[in-house]
Amino acid sequence: MIIKSIKIKNYKTYLDLDLDLSVKQDRPIILIGGLNGGGKTTLFEAITGSLYGLKIKNKEHFRELLNNGALGKVKPEISLEVTFEGFVLGQKKKYVLKRVYILNPSEMPVESVQLYMDGMSFIYGTATPMAKRAEQEQQVNKIIKANLPQELSKYFLFDAMQSSELLKENVFAQIIKENIESVMGFNKYLQLNRASQHVQQEWAARRLEAEQEQEEYNDLCNQRDDLEELQTQNLANQDACYKLLVAMQESYDVAKDGVKNDAETQRKIEGLEASVNETNELAARYNNQLKSVIETLEVNVFFPKLAEGITPEVDEIVRQKRQLLQEKEGMLSLEQIKEVTEKILSFMKKKLICPPETESDEIVEYLQRSQKQIFGEDKYGFLDSSEIEALTDLIKSNAVNEYIALDEMHKDIEARLELLDNQTHQINILKESLVGGNATIIKEFEDTKARLENLKKEYNDREDELKKIKRKINSIDVQIQQEPDLKYDTLVALKPFFNDVVDSLLRKKKERIEEEMCEQLNKLLISYKGYISRVELSDSMHNFSIKLYHKAGNEISLNQLNAASKQIFIQVLLKVLRNLGDYNPPVMIDTVMGVLDEQSRDVLMEEYFPSLADQTILLSTTSEIRKDSDYNKIESFVSKSYTLVRNIEEQNTTVEEGYFGIQLND
């Protein structure tokens, strides 16, 4: 997949941007520079938003995303359009994907999507009838998934600074495992593994004839599930402790040295309080949005669905009413008939053409009957004009699908709420330290460390208990297996089968992953450059491990690597997995240097970025890729370079050719 261009209209700091991102085969890098606050992250968000859609929660959020400098000058509409090339079933195709966002008459954000491919088009929007929308949306999602599934995008389109924050001791190994499971496509088999276990358990319970045996078996399974739930909660508590320790490490080290800086402590408190307030505001916004969805359920869901079913009938009523109206434009009213009849009778009586006693009423009645016979009968005469208008408005109503945005908002809140207690706890500790001094921070840090050790011991003790229960369950399963049952035998075989699939896939890729990682790490991992003898992956994903070995024979502990080395390690892993995976995505990196030291920066410039992908988009400041040194190392691999220029007065960002004034040397 190669991104050819991105067009942005009226989104955040961009009023109107059309950026060429195409690359030459021997020059895979697009270098985009900008000062902090200049629009780099917004460009990053626009590219990912054009591929996967913006999650706009409500009208307030929509207006926050609009370009401030355009308010009142252009139509309040956000437009993102990405053009990209990708292979589908071995054929290269060009795609143009456009997403437009506006507020509908009910002031709810709505989306329309258009995707063009080889003369074909797929178009849908929030107001598209559900059946048609599902069909079109499925086609669009299928094309995007074939090039870069959204669940994998975070591994290739990422903020290096944020990702480096994840590489703390407690989650580093888990991130490595998650990278391999996700990028190599193992996840689906692991999910099938878990599902087959539950189905097998249910079927086994049915086969136990004696009620007591069933109760015992179900009780053991429930005990196992309860213990596994406790283990999950224990790991979550360990994670919370780790995160608190990481967050407090700097304050603890300062406190141990006997140094106290109240101003810095106050700054940290304010930062944490701002994050807590933001979470609370988001939760309040979510509650209001949820309430709005419930209140407008009838208008936005039930009525449009009803309208979808009765549209043909309403169209027929309106058509007939319109036809009758056109016919009746030449009809005379009763008063007009009387007036004309009396004038004609008067004339005829004067000329002695008709008897003087002739009355007009009989003629008027006759003319009325004749006129009705000429024009069609109104089968819908029982409907007055206001009712016809109401039916017409009903079939024009839009169905607003707010659930996707609401679900994304819910996930965001859940992630924030996981940190809320931890952040609140930190605030209290730091506030107490302003009064109690360094001792408060030292005590809390060391208490948390002790609590973590207790949690680890509880986890290990519970693991032994869990193994005993699993052995008992297994013995009953073996007993059941003595009696032939094709379905049960199949279910028993499924769980290890899916495990075997994952492990065999791992073993198939294992040697190449190990070789390529060893080669790359010997080039890029400065602290052990040239001294890594081998990388060793486990044979199973169940107890997955990855180990480095020094040429002297000893193992190199991954958790002892510094932050810069961990970032290099993860980026090397992603490069190798990308080369061996099923996709060929571009790589886009914001804040490219993250936490890297000077030597690591140099090796990334010379060894990593030039061969990372067929297209690599780097978003950087001059302090990250410096004009006088770093730029020269990658210039020969750069196809295009741009600088984002922020106009504070006009409140928008424009683009200039070149990297901070340096024009690309072709």
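In this predicted model, E458 and R462 form a salt bridge whose closest N and O atoms are 3.9 Å apart. Because the two residues stand four positions apart in helix α15 (residues 438-481), about one helical turn separates them. Their surroundings are not alike in accessibility: E458 counts as partly exposed because its relative accessibility is 41%, while R462, with a relative accessible area of 15%, is buried.

The whole structure contains 24 salt bridges. Three of these pairs are set out below.

| Salt bridge | Closest N to O distance |
|---|---|
| E458 and R462 | 3.9 Å |
| R99 and E111 | 3.1 Å |
| D602 and K633 | 2.8 Å |

The salt bridge of R99 with E111 has its closest N and O atoms 3.1 Å apart. R99 belongs to strand β5 (residues 91-103) and E111 to strand β6 (residues 109-117), so this pair ties together parts that are twelve residues apart in sequence. R99 and E111 are both buried.

Between D602 and K633, the side chains meet at 2.8 Å, N to O. This pair links distant parts of the chain, with D602 in helix α18 (residues 598-608) and K633 in helix α19 (residues 630-634), 31 residues apart. D602 is partly exposed, its relative accessible area being 22%, and K633 is likewise classed as partly exposed, at 27% relative accessibility. Elsewhere, K59, R63 and E107 are joined into one network by salt bridges that share partners.

The helix α1 comprises 13 residues and extends 19 Å from its first C-alpha to its last, close to the 18 Å expected at 1.5 Å a residue. It is mostly covered, with eleven of the 13 residues buried; among them are K40, F44, I47 and Y52. G53 follows α1 and has a positive phi, near 95°.

The loop between α1 (40-52) and α2 (59-65) holds N58. With a relative accessible area of 6%, N58 is buried. The N58 side chain reaches the backbone nitrogen of H61 at 2.8 Å, and a polar atom of this side chain also lies 3.2 Å from the backbone nitrogen of E60. When residues up to four places away in sequence are not counted, N58 touches P109, R285 and Q289.

Another buried position is L430, so classed because its relative accessibility is 9%. L430 lies in helix α14 (residues 403-436). Leaving aside neighbours within four places in sequence, L430 is in contact with S251, T265, K268, I269, L272 and I441. For L430 and I441, which are eleven residues apart along the chain, the C-alpha atoms are separated by 7.2 Å.

Aromatic residues supply a further set of interactions. Five aromatic pairs occur in the structure. In one of them, Y659 and F660 are arranged edge-to-face, at 4.9 Å centre to centre and with 80° between the planes. Both Y659 and F660 are buried. Ring pairs also link Y631, Y659 and F660 into a cluster. A charged residue is placed against another ring: R534 lies over the face of Y549, at 3.8 Å from the ring centre.

Notes
Residues numbered from 1 in each chain as written. Predicted model: local features only at pLDDT ≥ 70, side-chain atom pairs only at ≥ 80, totals over all residues. Heavy atoms only, no water. Buried < 20%, exposed > 50% of the residue type's maximum accessible area, 1.4 Å probe, protein only. Contact = heavy atoms within 4.5 Å. Polar contact = N/O pair within 3.5 Å; in protein donor to acceptor, adjacent residues only side chain to side chain. Expected span 1.5 Å × (residues − 1). Phe/Tyr/Trp six-rings, centres within 6.5 Å; stacked < 30°, edge-to-face > 60°. Lys NZ or Arg CZ within 6 Å of the ring centre and 35° of its normal. Salt bridge = Lys/Arg side-chain N within 4 Å of Asp/Glu carboxyl O.
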